[in-house]
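Visitor: I am new to protein models, and I would like to walk through this one step by step. Could you take my questions in turn?

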Amino acid sequence: MRYTDIAIIGGGLSGSTAAAMLGRAGISAVLIDPHESYPADFRVEKLSGQLQVERFLKTGIGESVLRRATFAGENWIARFGHLLDKAPSRQFNILYDSLVNAVRDEIPASVARICAKAIAVETSPERQRITLSNDETISARLVVLANGLNVGLRHQLGIARRVVSACHSISIGFDVVPAGRTAFDFPALTYFSERPSDRIPYITLFPIGTCMRANLFVYRGFDDPWLRELRRAPSETLNAALPRLKRITGAFDIPGEIKIRPVDLYVNDSSGLPGLVLVGDAFATSCPAAGTGCDKVFTDVERLCNVHIPQWLASDGMDAGKIAGFYADPVKRDCDEWSAAKAFAFRSVSVDTSPYWTAQRWARFMAWSVQGLLRPLGGAFHLEPNFLGHSSSSSSSSSSSSRSSSSSSSSSSLSSSA
């Protein structure tokens with residue numbers, strides 16, 4: 001039997017980040033995942049926004065990992081075939097498997113990496129027992145369950161899942177190439193839907209290496225015939241849904257595979273279980289269209305590894321009362337509630353045709369238009385729309401101060417998406 005303080009099950013973004021942080025802090029840990037190198041997977045493909053990047057940097061590994069990403073310092077915002085703004089951005093673009101493997105490279109040698117699958121977990125208020133597919137057994141004070149959407153261990157442990165919104169959104173990823181020319185005119189682009197009836201919030205195009213990548217988000221059922229048409233004739237189907245997109249992009253082709261991933265919003269409840277804590281998607285999912293997934297992952301892992309695990313290890317036992325402190329963490333709860341609210345508000349502002357949400361769509365459109373017109377003035381006036389459809393105006397200095405205050409408030413307790 002192998003003994004350790006922390007056993008991490010799952011080597012995706014949350015599990016690998018936790019392993020790197022604990023190893024750097026000198027805490028005894030093992031990482032259990034069946035893949036020696038993380039395989040190709042369609043998930044997060046960019047980290048963006050000041051706060052999201054800061055949350056990653058608070059883990060202590062963000063700076064070195066982000067060096068492997070493709071940076072885009074400007075993002076064009078457009079709708080109805082009109083360019084609204086050329087907005088400065090802090091956007092780091094990287095395929096999910098490349099991101100996870102870059103994080104894994106930051107895991108110190110002191111953290112054992114076991115290439116196997118956890119097939120059984122027994123919990124207690126003192127030590128936890130994990131049985132692996134290679135017949136090895138691990139005894140740990142704490143199990144960090146970071147195995148994403150996998151349900152086997154959740155069922156075995158009796159963890160209840162509450163589905164908040166089935167097939168809340170669908171993420172679609174593909175490469176695009178300009179037709180008849182060597183490159184697109186924009187460094188990165190976010191193009192918002194022209195009609196609520198299309199059930200498309202937006203499409204975003206961004207560079208990864210020498211390729212231009214597209215992420216399209218839709219609010220449809222997974223059996224919707226529109227998705228079959230997109231697979232059969234991607235360029236024609238996309239052009240029909242966003243007919244004025246080509247005014248911004250120019251003609252383009254979609255040469256390769258289209259990846260489609262539906263997302264259910266759910267929350268798993270492991271309260272009452274001693275010795276085990278859930279992080280990332282193993283605890284609760286987020287809506288990729290709202291862009292809060294990485295915020296939740298980095299907040300979960302940073303709070304757990306920087307705050308709670310050191311406190312828990314300082315005293316005997318690992319009862320359910322200790323674990324409850326993580327789920328009650330005010331920074332974590334604020335992030336979870338913000339992510340959930342944004343998922344529903346963003347869907348409403350994209351597809352709801354009620355007078356309120358129609359007004360919110362036009363308010364957002366006008367906010368970006370005014371901001372684009374004012375930007376050449378050098379930021380003396382700043383109008384900042386957000387993805388809930390609201391906007392706020394202020395002088396550049398007070399806006400900067402507000403963002404700094406918000407960031408430091410989060411950072412003092414902790415630290416796109418993507």
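The conversation below goes through the confidence of the model, its salt bridges, a helix and some single residues.

Visitor: What average pLDDT does the protein have?
Guide: This is a predicted model, and pLDDT gives the predictor's confidence in each residue, from 0 to 100. Of the residues, 90% score at least 70, and the average pLDDT of the protein is 90.

Visitor: Over which residues does pLDDT stay under 50?
Guide: There is a stretch for which the model has 92 contacts beyond four places in sequence, although its pLDDT stays under 50. That stretch is made up of residues 380–418.

Visitor: How many residues apart in sequence are the parts that D295 and R55 tie together?
Guide: A search of the whole structure finds 20 salt bridges, and one of them joins D295 and R55, whose closest N and O atoms are 2.7 Å apart. Both D295 and R55 are buried. Because D295 lies in helix α9 (residues 293–313) while R55 lies in helix α2 (residues 50–57), the pair ties together parts whose separation in sequence is 240 residues.

Visitor: Which residue forms a salt bridge with D336, and in which helix do the two lie?
Guide: Residues three or four places apart in an α-helix point the same way, because the helix has 3.6 residues a turn. D336 and its partner are 4 residues apart, about one turn of the helix, and both are buried. Their side chains meet at 3.0 Å, N to O, and the partner is K332; the helix that holds both is α11 (residues 330–351).

Visitor: Which residues are linked with K332 and D336 in a network of salt bridges?
Guide: Side chains of opposite charge can pair when their charged atoms come close. Here the salt bridges form a network that links K332 and D336 with K296 and D300.

Visitor: What distance separates the end C-alpha atoms of α11?
Guide: At the start of α11, a side-chain oxygen of D329 reaches to within 2.8 Å of the backbone nitrogen of V331. With 22 residues at 1.5 Å a residue, α11 should span 32 Å, and the model agrees with this, since its end C-alpha atoms are separated by 32 Å.

Visitor: Which side chain of opposite charge is nearest to R261, and how far away is it?
Guide: R261 is in strand β15 (residues 259–269), and its contacts beyond four places in sequence include R43, S169 and P288. The side chain of R261 also reaches the backbone oxygen of F42 at 3.1 Å. A salt bridge needs the nitrogen and oxygen to be within 4 Å, and R261, though buried, has none, the nearest side chain of opposite charge being D281 at 5.3 Å.

Visitor: Is F80 buried or exposed?
Guide: F80 is found in the loop between β4 (70–79) and β5 (82–93), and it has a positive phi of about 55° although it is not a glycine. A residue counts as buried when its relative accessible area is under 20%. F80 has a value of 13%, so it is buried.

Visitor: What is the relative accessibility of R199?
Guide: R199, which is not a glycine either, has a positive phi of about 60°. Its place is in the loop between β11 (189–192) and β12 (202–208). R199 counts as partly exposed, with a relative accessibility of 34%.

Visitor: Which residues does H35 touch, not counting residues up to four places away in sequence?
Guide: H35 sits in the loop between β2 (29–33) and β3 (46–48), and it is partly exposed, with a relative accessible area of 37%. Beyond the residues up to four places away in sequence, H35 touches R104 and C115.

Key: Residues numbered from 1 in each chain as written. Predicted model: local features only at pLDDT ≥ 70, side-chain atom pairs only at ≥ 80, totals over all residues. Heavy atoms only, no water. Buried < 20%, exposed > 50% of the residue type's maximum accessible area, 1.4 Å probe, protein only. Contact = heavy atoms within 4.5 Å. Expected span 1.5 Å × (residues − 1). Polar contact = N/O pair within 3.5 Å; in protein donor to acceptor, adjacent residues only side chain to side chain. Lys, Arg positive; Asp, Glu negative; His and termini not counted.
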